[in-house]
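This report looks at the empty spaces inside one protein model and on its surface, and then at the charged pairs and the overall build. Please keep the sequence and the 3D view at hand while reading.

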Amino acid sequence: MVCVEPIRDKEKIDIVKRILKENGSRDYLLFLMGINSGLRISDILKLKVKDVKDKEYIELIEQKTNKYKRFPITNSFKYELEEYILGKLPNEYLFASQKGGKSISRIQAYRIICNACVNAGIKARIGTHTLRKTFGYHFYQENKDVALLQQIFNHSAPSVTLKYIGINQDIIDSRLNAFCL
């Protein structure tokens, strides 16, 4: 199984945002939610308007772990979210399919993300999990708190978290590139 990577370059993230915003607010918001929450795509896609409307937090039971998860809707994300859900019905899926009545599929989410990343010139291995890893990578770079990130991701050890977000590989690459006999 090939592992996907985080988007490390913030300029590339901004390019992906612009591309997705041009395609429509649904795809743009999907990307924003993924990179700002660290949720798995399976949990993002099952959200409905009522899960976020007039809320300070999004609360859910993680599909993979069956554990309770709560995370704040940040001020920067809240504005985008409120604008997006304006006029939507409470039981409507947040990321509704154009076919009606259901959420977009994981495969469609994958296509949306991959196409935008390719168009942005991103060469890394990309998938829906890239959103979660991008959140983790940049959260770690900003805070350097692997224990907190480990808890957010529900990982068993800090080493698992560092490997997951690609920090271990970055360190290995850097040290090997500097090594010379």
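The lining of the largest cavity is made up of four nonpolar and three polar residues, with no charged residue among them. In this predicted model, the residues concerned are M33, N36, S37, F71, P72, T74 and F77, and the space they surround has a volume of about 40 Å³. Two elements, α2 (25-37) and β2 (68-72), each contribute at least two residues to this lining, and α2 gives the most, with three residues.

The count of cavities of 30 Å³ or more comes to two. The second largest cavity, with a volume of about 30 Å³, is lined by V52, D54, K55, K78, L81 and E82. By class, this lining holds two nonpolar and four charged residues, and no polar ones.

**Open pockets**

The largest pocket has a volume of about 450 Å³. Its lining comprises 18 residues, and those nearest the centre of the pocket are K17, I35, N36, H138 and E142. N36 is also named in the lining of the largest cavity. Four helices, α1 (10-23), α2, α4 and α6 (129-143), each supply at least two residues of the lining of the largest pocket, with α6 giving the most, at six residues. By class, this lining divides into seven nonpolar, six polar and five charged residues.

The second largest pocket holds about 340 Å³ of space and is lined by 16 residues, of which C3, K133, K163, Y164 and G166 lie nearest its centre. Here α8 (158-164) and α9 (167-178) each supply at least two lining residues, and α9 gives the most, with five. The lining of the second largest pocket is made up of six nonpolar, three polar and seven charged residues.

**Charged pairs**

Side chains of opposite charge can pair when their charged atoms come close. In this model the count comes to seven salt bridges, and the table gives three of them, with the distance between the closest N and O atoms.

| Salt bridge | Closest N and O atoms |
|---|---|
| E5 and R8 | 3.4 Å |
| R26 and D27 | 2.9 Å |
| E56 and K78 | 3.6 Å |

Which parts of the protein does the pair of E56 and K78 tie together? E56 lies in the loop between α3 (41-45) and β1 (57-61), whereas K78 belongs to helix α4 (residues 75-85), so the salt bridge joins parts that are 22 residues apart in sequence. The two partners also differ in their surroundings, since E56 counts as exposed at 52% relative accessibility, while K78 counts as buried at 18%. K78 is, in addition, one of the residues that line the second largest cavity.

Are the partners R26 and D27 buried or exposed? R26 has a relative accessible area of 17% and is therefore buried, and D27, with a relative accessible area of 10%, is buried as well; the cut-off for this class is under 20%.

The bridge between E5 and R8 belongs to a network of salt bridges in which E5, R8 and R125 are linked. R8 is partly exposed, with a relative accessible area of 28%.

**Overall build**

The protein has nine helices and two strands, and from the N terminus on the order of its elements is α-α-α-β-β-α-α-α-α-α-α. Taken along the principal axes, the C-alpha atoms fill a box of roughly 65 × 35 × 30 Å. The radius of gyration is 17 Å, which agrees with the value near 16 Å that a compact globule of 181 residues would have.

Buried residues account for 44% of the 181 residues in the protein. Among contacts with a separation of 6 or more, 55% are between residues 24 or more positions apart.

Terms used
Residues are numbered from 1 along each chain as its sequence is written. This is a predicted model: local features need pLDDT of at least 70, side-chain atom pairs count only at pLDDT 80 or more; totals for chains, interfaces and linings use all residues. Side-chain values use heavy atoms; hydrogens and water are left out. A salt bridge is a side-chain nitrogen of Lys or Arg within 4 Å of a carboxyl oxygen of Asp or Glu. Buried means under 20% relative accessible area, exposed over 50%, partly exposed in between (1.4 Å probe, protein chains only). On a 1 Å grid over the protein atoms alone, a cavity is a set of points where a 1.4 Å probe fits but cannot get out, and a pocket is an open set with protein on both sides within 12 Å along at least five of seven lines; lining residues have an atom within 4 Å of a point. Grid points are joined across faces, edges and corners, and a volume is the space filled by probe spheres set on the points. Ala, Val, Leu, Ile, Met, Phe, Trp, Tyr, Cys and Pro count as nonpolar, Asp, Glu, Lys and Arg as charged, and the others, Gly among them, as polar. The radius of gyration is taken over C-alpha atoms; the globule rule is 2.2 Å times the number of residues to the power 0.38. Contact means heavy atoms within 4.5 Å.
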